[in-house]
Amino acid sequence: MKRLAVAALLAATTLASSANAADKPLEARGTWSVTTRGSAPLPPMGWNSWNAFGTDIDEEKVIASAQLIVDSGLAAKGYRYVNIDDGWWAKRRQADGRVLIRTDNFPSARTADGNTSFRPFTDRLHAMGLKAGIYSEIGRNSCGQIYGDPTGPGQPAGTMAEREIGLYGHIDQDIALYFGEWNFDYIKVDGCGIRALAADSPQVKSGRLRALDPLIDYDTIPRTNIPAVKGLFDQVGQALSRNKPGNNFVLSICLWGSADVRSWARTLGNLSRTSEDISPNWERMLHNLDSASRRELYAKPNSWNDPDMLFIGSGEFDDAHLTEARSHMSLWAMLNAPLIIGFDLRKASPAMMGVLGNAQVIALNQDAAAHQAVLAYDGDSVQIFTKTLADGTKAVALFNRTGSPIDVKLIASHLKYRADQPITLTDLWDGDTKSFTNEMPVHLERHQTLLFKARGTREHAQGLYLSEQPGNVNPAVDGIVHPMADPMVYRGLLPWRSTKADGEHPVYGGWGGARADATPFAQTPKIAGKTYHSAIGTLANSRLEVRNTGFSTFTTLAGIDDSVADPTARVRFSVHADGKLLKQTGWMKPGDAPAAIAVPVKGAKIVELVAEGNRPEMQNVAVDWAEAALDR
Ligand code: GLA
């Protein structure tokens with residue numbers, strides 16, 4: 001009786017405190033809310049069958065690639081995951097719901113009892129020192145079944161029910177099979193089955209696939225059932241935790257930027273696709289790049305932005321396009337994107353192996369400080385990305401997006417280095433070293449990325465600006481009330497659609513998200529007439545978690561950004577250390593001079609920055625934590 005009462009009381013308190021957390025999103029809590037499930041402290045590296053083979057996969061192809069990854073030395077450089085994508089399944093057996101493998105293509109999966117098992121396959125990869133990845137679908141049917149040729153290779157066969165090989169309704173059973181029994185290490189979970197099978201879809205009308213009321217409306221964020229989508233992926237994460245001991249798994253969410261996944265992927269998954277599929281052409285690469293490049297604050301150790309796999313080796317990134325291949329690699333490395341090769345390595349030339357295997361470029365991607373690059377210059381023609389590295393140096397990429405050569409300038413302040421001291425650059429592709437002071441002219445060939453490691457004298461010598469350490473700044477609450485599509489993503493021709501519809505529209509949620517060195521709407525931060533080239537820009541009603549890696553003081557100039565048009569907006573700013581209030585400003589109005597804040601944070605693990613608005617819904621009120629820095 002007594003025990004029951006205590007349990008009830010405990011349950012009530014737990015409920016009350018979780019209700020509090022949801023009701024009071026701005027309340028400082030002194031925690032880091034990035035998922036601790038799974039293990040991806042650095043961006044995963046490896047190989048995946050999709051870009052190379054589509055659904056036409058078999059064991060020979062996968063093992064041959066795995067062997068080449070080992071033999072060529074790519075494995076030693078970090079490429080560890082060998083992932084099979086769509087096309088491995090035969091059917092879901094109706095007697096017990098077990099998913100069976102296509103043993104014609106994966107002969108080692110054959111078992112005497114007909115159950116089929118990938119265990120020999122994963123054992124083999126593990127024996128080679130590699131890790132094994134599998135692919136599934138959160139709905140009932142995979143993308144290949146929905147969008148691919150129903151008579152093509154790798155399609156599940158049998159009755160409609162037998163062809164339902166996705167996780168929907170089988171999450172626990174399938175994850176137990178893939179991880180508990182077959183011992184995979186990594187799973188990519190797609191979402192076509194919860195997006196494309198409305199009752200009036202051609203696949204359903206023809207009687208080929210069963211209807212599943214779409215949870216995702218790809219083009220219309222408000223018509224997406226975001227909590228339901230999130231709930232399904234949460235169930236997958238829980239099943240993974242139960243079935244893979246030691247938290248030793250990677251959950252790759254493949255929702256292509258839909259369902260406002262930008263805002264919640266960090267709490268559930270280890271990587272999250274930011275866009276639809278890449279294809280081996282320049283325009284598409286720009287599109288995928290842009291889907292992740294302004295989300296620098298949303299990539300964290302254990303949860304990375306995924307602009308899709310590498311297409312190096314194919315199409316406009318092949319041997320005849322070495323400049324483009326190097327750009328693709330440089331940019332993915334700077335963005336801390338997963339480096340997943342999508343090429344039939346049996347065909348790779350030494351030049352392509354050189355691009356994929358450039359140890360210095362890989363080192364940028366795998367740098368221990370784990371900061372996604374920040375845009376120091378952002379234009380339609382040229383972009384300059386910088387990245388603070390664990391050894392205190394920086395990397396800088398100057399990227400020509402256009403088809404013509406361009407002359408540009410690299411200036412000391414792009415790097416937040418002093419303009420009166422020499423800056424040394426080492427070219428990570430050709431090893432050249434050069435030095436400059438203040439500014440340097442740079443010639444970029446068409447589609448070229450020049451990638452340098454840079455050494456100079458830091459402008460902010462006493463510590464690090466928060467915008468130099470985006471991996472330590474988590475927009476736990478970014479103030480977005482109604483998710484809106486990001487209009488800054490390049491909208492090229494979709495190779496598989498050409499001009500057959502009415503154009504490409506912004507689709508991926510994220511406009512208004514917190515930014516490093518920009519406002520949420522891509523302006524230069526400006527308070528009371530003064531611009532700041534170092535700042536965290538966010539919205540009113542936001543709470544940022546900042547990991548303090550041993551600094552003593554936090555300083556900033558906080559204020560409402562001059563871009564705010566609403567004269568009635570009021571915001572008050574507060575700073576907290578491990579949940580305790582250190583400083584709160586009064587209510588500030590647009591045009592007010594910034595409030596100077598300097599507080600001791602020595603020993604505190606989490607510093608929280610809260611910007612509270614005077615109304616609950618203030619989607620357009622941009623605020624700046626200008627010159628926000630952690631100092632020694
Ligand atoms: C989706 C994904 C791709 C690939 C295919 C497989 O399109 O985005 O990366 O996995 O499904 O069908």
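This is a short talk on the overall build of one protein chain and on one of its sheets.

Good morning. A word of caution to begin: this is a predicted model.

Let's take the whole chain. The protein chain has 13 helices and 31 strands. Its radius of gyration is 25 Å, and the globule rule gives 26 Å for 632 residues. Those values are close, so the chain is as compact as a globular protein of that length. Along the principal axes, the C-alpha atoms fill a box of roughly 75 × 75 × 50 Å.

How much of the chain is buried? Of the 632 residues, 58% count as buried. The accessible surface comes to about 23700 Å². Carbon and sulfur atoms account for 52% of that surface.

Now contacts. Take those between residues at least 6 apart in sequence. Of these, 74% join residues at least 24 apart.

On to the sheet. It is open, and six strands form it. Read the order as β11-β12-β13-β18-β15-β16, with antiparallel pairing. Which strands stand at the edges? They are β11, residues 374-378, and β16, residues 433-436. Each has a single partner strand, so one side of each is left without a neighbour in the sheet. From one strand to the next, the twist averages 25 degrees.

Look at one pair inside this sheet. Strand β12 covers residues 382-388, and β13 covers 394-400. They run antiparallel, joined by seven bridges. Phe385 stands opposite Ala397 in β13.

What packs on the sheet? Helix α10, residues 282-293, does, and it touches β11, β12 and β13. The direction of α10 makes about 140 degrees with that of β13.

That's the tour. Thank you.

Technical notes:
Residues numbered from 1 in each chain as written. Predicted model: local features only at pLDDT ≥ 70, side-chain atom pairs only at ≥ 80, totals over all residues. Heavy atoms only, no water. Pairing = 2+ DSSP bridges. Helix = DSSP H or I, 4+ residues; strand = E, 2+ residues; numbered from the N terminus. Axes fitted to C-alpha atoms, helices over the stretch in contact; angles between N-to-C directions. Contact = heavy atoms within 4.5 Å. Rg over C-alpha atoms; globule rule 2.2 N^0.38 Å. Buried < 20%, exposed > 50% of the residue type's maximum accessible area, 1.4 Å probe, protein only. Areas by Shrake-Rupley, 256 points an atom, 1.4 Å probe, with all protein chains shown as cover.
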